[in-house]
Amino acid sequence: MFEIKINERDYYVFREKEFNIIGNLNTPFLSHPNYYDLNITETSLQYTNNKNVIIPADLLEFNKITNQISASFGLPITLEEYETLYELYLDQMNENPTEEFIKLKEIKQDIEHAKTLVKKNKRA
């Protein structure tokens with residue numbers, strides 16, 4: 001999942017199987033878009049996206065007082081659209097990196113360093 005800004009609006013973008021909505025079953029009738037899978041247990045239900053989706057940030061809200069989350073299914077996007085949005089995300093993070101992005105970049109650099117060390121040890 002990553003957050004991007006397009007035309008002054010914030011969006012969350014989720015890869016396939018990355019966004020889950022879990023809740024309690026309180027209605028005998030359920031509907032959902034075909035880009036989500038529904039799993040019902042005795043005590044809960046779970047929606048999972050089976051395609052990449054984009055969701056406006058204002059449609060995902062967490063109420064700290066009631067511990068309730070308001071969520072939206074969002075809209076499905078193609079792999080090409082996902083890749084384009086990810087490129088935009090990388091551009092935005094390079095211009096104005098968040099602390100989390102900096103830490104993730106450091107982890108990726110450490111992984112690359114570890115790969116280099118393993119290759120050197122295999123040659124020796």
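In this predicted model, I55 makes a good starting point: leaving out residues up to four places away in sequence, I55 touches Y11, Y12, F14, F19, Y36, L60, S72, F73 and G74. I55 also belongs to the largest nonpolar core, a set of 12 residues that it shares with Y12, F14, F19, I21, Y35, Y36, L45, Y47, V53, A57 and L60. Two or more residues of this core come from each of β2 (9–14), β5 (45–49) and β6 (53–56). A second core, separate from this one, has 11 residues, including F2, Y11, V13 and I54.

Helix α1 comes next. Spanning residues 79–95, α1 has 17 residues and reaches 24 Å from its first C-alpha to its last, close to the 24 Å expected at 1.5 Å a residue. Its buried residues are Y82, L85, Y89, Q92 and M93. Viewed down the axis of α1, these buried residues fall within an arc of 95°, so they line one face of the helix. An α-helix has 3.6 residues a turn, so residues three or four places apart point the same way. The cover over the buried residues of α1 includes β1 (2–6), β2, β6 and α2 (99–123). On the face turned away from the buried side, α1 carries the exposed residues E80, N94 and E95.

A polar residue completes the picture. N52 sits in the loop between β5 and β6, and it counts as buried because its relative accessibility is 8%, with the limit set at under 20%. The N52 side chain reaches the backbone nitrogen of E16 at 2.9 Å. Apart from neighbours within four places in sequence, N52 is in contact with F14, R15, E16, L75, P76, I77, T78, L79 and Y82.

Terms used. Residues numbered from 1 in each chain as written. Predicted model: local features only at pLDDT ≥ 70, side-chain atom pairs only at ≥ 80, totals over all residues. Heavy atoms only, no water. Core = buried A, V, L, I, M, F, W, Y, C linked by side-chain atoms within 4.5 Å. Buried < 20%, exposed > 50% of the residue type's maximum accessible area, 1.4 Å probe, protein only. Helix = DSSP H or I, 4+ residues; strand = E, 2+ residues; numbered from the N terminus. Contact = heavy atoms within 4.5 Å. Expected span 1.5 Å × (residues − 1). Arc of directions from axis to C-beta. Polar contact = N/O pair within 3.5 Å; in protein donor to acceptor, adjacent residues only side chain to side chain.
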